[in-house]
Amino acid sequence: MAAGGLAGLLPAQTQLEYALLDADTAQEKENLVYQYLKKMDSRERDLTVPELGGDLQWLNTEGPISLHKDLCGKVVVLDFFTYCCINCLHLLPDLHALEHQYSDKDGLVIVGVHSAKFPNEKVLDNIKSAVLRYNIVHPVVNDADATLWHELEVSCWPTLVILGPRGNMLFSLVGEGHREKLFLFTSITLKFYKERGQIKDNNIGIKLYRDSLPPSPLLFPGKVTVDDSGERLVIADTGHHRILVTRKNGQILHTIGGPNSGRRDGGFSEAAFNSPQGIAIKNNVIYVADTENHLIRKIDLELQVVTTAAGIGVQGVDKEGGAKGEEQPISSPWDVVFGSSISGTQEDDVLWIAMAGIHQIWALMLEGGKLPKRSDLKKGVCLRFAGSGNEENRNNAYPHKAGFAQPSGLSLAPEEPWHCLFVADSESSTVRTVSLKDGAVKHLVGGERDPLNLFAFGDVDGAGINAKLQHPLGVTWDKKRKLLYVADSYNHKIKVVDPKMKNCATLAGTGEAGNVVGSSFTQSAFNEPGGLCVEENGRLMYVADTNNHQIKVLDLETKILSMLPILKPEACDVPDNLPVQKDKIANLPRLPKSAPNVQLPSLTVAPGQIIQFLLKLTLPPDSKLNEEAPSAWFITAEDNTWLLQGQCLTGEIKDVSCQTVIPFQLPGSCVSAEATLAIKACLYYCSKGSSVCMMAGVSFSQPLQVTGTDQGSSAQVELIHTFVTN
């Protein structure tokens with residue numbers, strides 16, 4: 001057993017660290033590490049890591065792994081991490097590079113030991129999502145009770161422990177930024193034990209969790225925003241490393257980057273991002289927090305080109321800034337929002353940045369101007385505005401003396417009496433404000449008074465410090481109601497804050513991770529929502545429901561919650577403001593004469609309103625869809641083709657076990673007050689155990705009464721039908 005845990009390594013490794021500082025050449029360093037290993041290997045008693053309990057849950061493996069049986073003969077790197085921690089995320093590229101250089105056949109195995117900070121992080125499904133989101137391809141064990149953490153007396157995240165082939169502890173590395181030492185220690189350890197014949201080249205049973213997942217239109221969307229018109233959404237499709245611009249009905253207008261990570265400027269098809277998060281849109285320009293590239297990117301929708309506005313593409317450690325954007329290193333930007341300088345001549349001349357990697361709020365000057373407590377700044381300058389860089393929950397009248405803890409969400413309230421930035425400060429589980437008059441940083445809700453206590457989290461509605469949050473990642477300001485909405489991510493909730501009274505209450509979500517579009521906001525379920533936005537008129541809120549790979553739509557007036565379908569551009573082949581092409585309609589499938597026609601009750605609607613048709617079809621018993629035949633839905637309007645301008649006329653039906661969402665938006669100007677839509681479905685199915693394939697269809701007739709008064713921005717209509725055997 002490891003007496004004293006990691007403390008037993010301290011005397012010898014400290015001596016080595018000092019000697020390495022004095023070494024001038026790579027050869028000297030390698031010799032020092034080699035001599036250190038000879039000394040450690042000749043100890044009378046190994047510092048041995050205890051066996052992991054057999055009942056622990058494993059990911060990316062075919063089954064549980066024994067440190068002392070399965071990993072005997074391997075050099076093992078244990079990575080003690082928790083998936084909320086930005087420092088742990090900064091370490092992952094080093095581990096990716098290490099496992100790219102050395103495989104299990106070479107004798108190296110990396111094992112992630114997930115030791116949770118937050119209760120939500122102990123849940124295996126949530127760790128699964130993180131493993132997929134961060135592309136972790138080595139074995140991960142869920143040490144939910146931190147058993148090994150306590151046995152080895154690990155004290156902080158991240159900590160790496162390097163083991164020899166007998167499970168003997170050799171080195172520890174605490175914190176991020178030790179890439180050179182990690183590679184040096186690992187390579188010499190492999191060499192040392194290979195020379196002694198103690199390295200085995202057997203394969204470890206790796207079974208990647210990502211290989212079992214079905215494809216989905218979105219993958220871990222981190223943030224969503226809406227333009228001033230309310231007609232276009234911008235989605236950070238984080239897991240697909242791309243940005244989507246869609247209509248409000250979900251039809252894709254632009255796909256920028258993806259599906260693989262990279263770092264490239266250029267046209268939309270050649271540009272590449274790496275796990276983008278925050279986005280901000282103004283007219284036809286979008287700024288992107290390109291998080292894992294450590295860049296701010298600029299997308300020009302008119303020119304259809306992507307450029308770099310700030311960052312150099314590697315993680316920065318500078319906590320002051322002041323250089324031109326493209327020359328200024330930055331660190332894990334997580335969100336961005338437009339703002340205005342004090343002395344600027346135009347609006348939105350500043351881009352505020354939540355710099356999660358160094359726990360600060362930065363500014364990128366889009367035009368020349370002045371910030372509070374700053375002299376005039378030139379266009380293009382990128383610099384720190386608030387935060388010391390220490391990871392703290394410290395409020396202060398002087399912005400540079402305040403402390404943040406992984407700020408991950410920003411929203412702006414430019415009007416009086418607020419005139420501030422709202423900050424979702426994830427690791428302190430608080431929402432804070434930064435004054436745009438003098439830069440003062442103040443507490444709004446969550447956390448507690450001790451600035452060093454980053455464990456004051458929970459799920460409690462209340463006022464100020466009595467309210468409790470758990471790792472909130474997003475905030476958005478509702479200027480119509482003067483309210484702030486918070487993505488309380490690890491509580492799987494959307495909360496609403498009245499900044500005047502400092503009251504914080506649950507708006508939506510049950511508090512349990514799930515994917516339920518309920519009959520009310522509080523019966524609906526989310527899974528780690530990461531971002532949210534409210535359209536200019538205050539009607540609709542869009543939520544990036546990250547681990548559900550969806551955008552949810554909350555109508556704040558009718559209290560209806562729905563899911564935004566993501567529709568491929570090719571499925572929507574009727575262009576805006578053009579007559580509906582007759583050949584397109586002619587190409588739609590014809591239903592069999594026997595197809596029933598279901599008359600629906602008349603629906604009162606307004607110009608521009610969205611209707612979501614929820615198609616729920618049931619096949620005869622012991623039947624299944626024919627995967628080879630094109631089952632589909634389609635929309636017609638015989639005497640009212642004006643209804644079909646700009647619409648998606650058809651889409652595939654791939655699975656009848658879940659409902660198909662068919663979006664429809666009325667034109668902004670309607671030709672007549674009465675019209676009828678026909679929503680039709682054509683299915684090809686087979687009886688199980690039979691080679692016979694059948695065709696069946698159904699038509700739903702939806703009368704519309706068009707009024708000039710607003711009926712609400714969205715409506716849902718269920719289309720239900722059960723097919724019977726003839």
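**Exercise 1. Work out which strands help line the second largest pocket, and what the lining is made of.**

Start with the strands: E7 (223-226), E12, E17 (333-339), E23 (407-413), E28 (474-478) and E32 each put at least two residues into the lining of the second largest pocket. Strands here are DSSP runs (E, at least two residues), numbered from the N terminus. Before going on, a word on the source: this is a predicted model, where local features need pLDDT of at least 70, side-chain atom pairs count only at pLDDT 80 or more, and totals for chains, interfaces and linings use all residues. Residues are numbered from 1 along each chain as its sequence is written, and side-chain values use heavy atoms, with hydrogens and water left out.

Next, the space: the second largest pocket holds about 960 Å³. Of its 45 lining residues, Asp228, Val337, Phe338, Ser411 and Leu412 sit closest to the centre. A pocket is an open set of points on a 1 Å grid over the protein atoms alone, where a 1.4 Å probe fits, with protein on both sides within 12 Å along at least five of seven lines; lining residues have an atom within 4 Å of a point.

Last, sort by class: 21 nonpolar, eleven polar and 13 charged. Asp, Glu, Lys and Arg count as charged, Ala, Val, Leu, Ile, Met, Phe, Trp, Tyr, Cys and Pro as nonpolar, and the others, Gly among them, as polar.

**Exercise 2. Trace the open five-strand sheet that includes E12.**

Write down the order: E11-E15-E14-E13-E12, with antiparallel pairing. Two strands pair if DSSP finds at least two bridges between them.

Now check the edges. E11 (266-267) and E12 (276-282) each have a single partner strand, so one side of each has no neighbour in the sheet.

Then walk inward. Two bridges tie E11 to E15 (residues 305-310), with Gly267 opposite Val305. E14 and E15 share five bridges, and Ile299 faces Val306. On the other side, six bridges link E13 (residues 285-290) to E14, where Ile286 stands opposite Ile299.

Finish with E14 (residues 295-300): five of its six residues are buried (under 20% relative accessible area, 1.4 Å probe, protein chains only), so the strand is largely enclosed by the rest of the structure.

**Exercise 3. Place His241: is it buried or exposed?**

Find it in the loop between E8 (232-237) and E9 (242-247). Its relative accessibility is 13%, so His241 counts as buried. Beyond its neighbours within four places in sequence, its contacts (heavy atoms within 4.5 Å) include Gly257, Phe273 and Pro276.

How values were computed: Helix = DSSP H or I, 4+ residues; strand = E, 2+ residues; numbered from the N terminus. Buried < 20%, exposed > 50% of the residue type's maximum accessible area, 1.4 Å probe, protein only. Points joined across faces, edges and corners; volume = space filled by probe spheres on them.
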